[in-house]
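This report describes the arrangement of two protein chains and two DNA strands. The sequence and structure follow.

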There are 2 protein chains.
Amino acid sequence: MADLKSNINPLFLREEDLRQGIELLFYAYRDFTAEPDAILAKWGFGRAHHRVIYFVGRNPNITVTELLAILKITKQSLSRVLGTLIEDDFISQRADPSDRRRKLLTLTEKGGELERELTTTQMARFARAYRETGAEAVEGFRRVLSGIINPEDRARVRPRQKPGRGRG
Amino acid sequence: MADLKSNINPLFLREEDLRQGIELLFYAYRDFTAEPDAILAKWGFGRAHHRVIYFVGRNPNITVTELLAILKITKQSLSRVLGTLIEDDFISQRADPSDRRRKLLTLTEKGGELERELTTTQMARFARAYRETGAEAVEGFRRVLSGIINPEDRARVRPRQKPGRGRG
DNA sequence: ATTTAAGGTCAGCCATGTTGACTTAATTAT
DNA sequence: ATAATTAAGTCAACATGGCTGACCTTAAAT
């Protein structure tokens, strides 16, 4: 019996299975970022710019502090990429009227176009994977990856509207 | 009706769902790498070292070329981190007897210990997620993430032994 | 009036990716 | 046997994007 554990208790997780998870995540992330990287290079941007563009697009009027909480990088690191994105007119900022210390970040039209180009490649990748595997697998994927994320940040990944069922 | 498409055709994937996938992958990867990064810092290593240690541990006697194919970085980039790992006695190399141009890489005992320490944190994360979600979700996770990986590399993620079923 | 919070800035350091040009040694093909 | 290819390594230079630390301004909260 090379692997007693798995034969005794199906709830005991085999190292093999856990390592498979680690590797899937590595390879998936590696390939998932490759296409956007190529597009970004045309503009002289990098992956850090992409993350900012993505999350500003996803959260219009987001503040710098909130963006930092998502990215988990320092203010100084963010400032570099955010600065170039504002300067190059991909992102605009305006003061929050209710607290003028806050700056609300939004994609410009130009920024929105780039966001769409970048996100389209990644959505296509997911669309194919989802189609090939089906709704049940997608739900499993969603639940497992949620479990990988630190609990305090799970709520960030919001299915923003529940899908309508049938009818239209 | 704000979202006609999803009501008409359940096979039409909503942008919302696709973006959720993108975000899950981002957050999961972010948190999944944080603990190892902290351990590596104690040794003066970074994430790049981790990847090398992981895949050499996973593929004893791997060649440099094969390692490059997994990591998809340049030989020069690899050389830097691999060089320090060999110098610090975490990895050993020996010539392949059947083709002495090839160098076979293996973890030393010291390297194996670090590999285990690093991988344990990531396995614990997966173990919890797997336990919380169940076998069906895990299978869905596995299939979806496989679909995200470029086809030519899917075979790399091998479930090396099929689990025994019941009995012990 | 003081303290705190949000945001920004300058300077410098480090890790890790890149290109490009070359070298050496071993194997394979002609 | 010679030539070509392959595996590995090396040196130099550069870019990106993290980091720390010190410090400033403005606005809000106490």
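## Surfaces near the DNA and the chain pairing

By class, 3 nonpolar, 10 polar and 10 charged residues form the surface near DNA strand D. In this classification, Ala, Val, Leu, Ile, Met, Phe, Trp, Tyr, Cys and Pro are nonpolar, Asp, Glu, Lys and Arg are charged, and the others, Gly among them, are polar. The model is predicted: local features need pLDDT of at least 70 and side-chain atom pairs count only at pLDDT 80 or more, whereas totals for chains, interfaces and linings use all residues. Residues are numbered from 1 along each chain as its sequence is written, chains are lettered from A and ligands numbered from 1 in the order in which they are written, and side-chain values use heavy atoms, with hydrogens and water left out.

Around DNA strand D there are 23 residues, of which Arg47(A), Arg51(A), Arg80(A), Thr65(B) and Lys75(B) come nearest; a residue is near a strand if one of its heavy atoms lies within 4 Å of it. Of the atoms of DNA strand D that come within 4 Å of the protein, 54% are accounted for by sugar and phosphate. At least two residues of this surface are supplied by each of helix H3 (47-58), H5 and E3 of chain A and helix H4 (64-71), H5 and E3 of chain B. H3(A) gives the most, with 4 residues. Helices (H or I, at least four residues) and strands (E, at least two) are DSSP runs, numbered from the N terminus.

For DNA strand C, the surface has 3 nonpolar, 9 polar and 10 charged residues. Among the 22 residues around DNA strand C, those that come nearest are Thr65(A), Lys75(A), Arg51(B), Ser77(B) and Arg80(B). Sugar or phosphate holds 55% of the atoms of DNA strand C within 4 Å of the protein, and the rest belong to bases. The largest share of the surface near DNA strand C, 4 residues, comes from H3(B).

The table lists polar contacts with the DNA, a polar contact being a pair of N or O atoms within 3.5 Å.

| Protein atom | DNA atom | Distance |
|---|---|---|
| Gln93(A), polar side-chain atom | Strand C, phosphate oxygen | 3.2 Å |
| Arg101(A), polar side-chain atom | Strand C, sugar or linking oxygen | 3.2 Å |
| Arg100(B), polar backbone atom | Strand C, phosphate oxygen | 3.1 Å |
| Ser77(A), side-chain N or O atom | Strand D, phosphate oxygen | 3.3 Å |
| Arg100(A), polar backbone atom | Strand D, phosphate oxygen | 3.1 Å |
| Lys103(B), backbone N or O atom | Strand D, phosphate oxygen | 3.3 Å |

The two protein chains are related by symmetry: a turn of 180 degrees and a shift of 0.0 Å along the axis lay chain A on chain B with an RMSD of 0.0 Å. This is the relation of a two-fold axis. Copies are superposed by least squares on the C-alpha atoms of residues with pLDDT of at least 70 in both. Phe141(A) comes closest to the rotation axis of the residues of chain A, at 1.8 Å (C-alpha). Both copies use the same surface, as 99% of the contact residues of chain A recur in chain B; contact means heavy atoms within 4.5 Å.

Between the chains, the axes of helix H6 (residues 109-133) of chain A and helix H2 (residues 15-42) of chain B come within 9 Å and cross at roughly 95 degrees. H6(A) is therefore roughly perpendicular to H2(B), a term for angles of 65 to 115 degrees. Axes are lines fitted to C-alpha atoms, for helices over the stretch in contact, and angles run from 0 to 180 degrees between N-to-C directions. Residues of H6(A) in this contact include Met123(A), Phe126(A) and Tyr130(A), and those of H2(B) include Leu18(B), Ile22(B) and Leu25(B). By class, the contact has 7 nonpolar, 3 polar and 5 charged residues.

Note on methods: Angles under 35 degrees count as roughly parallel, over 145 as roughly antiparallel, 65 to 115 as roughly perpendicular and the rest as oblique. A polar contact is a pair of N or O atoms within 3.5 Å; within protein, one must be able to donate a hydrogen and the other to accept it, and residues adjacent in sequence count only if both atoms are side-chain atoms.
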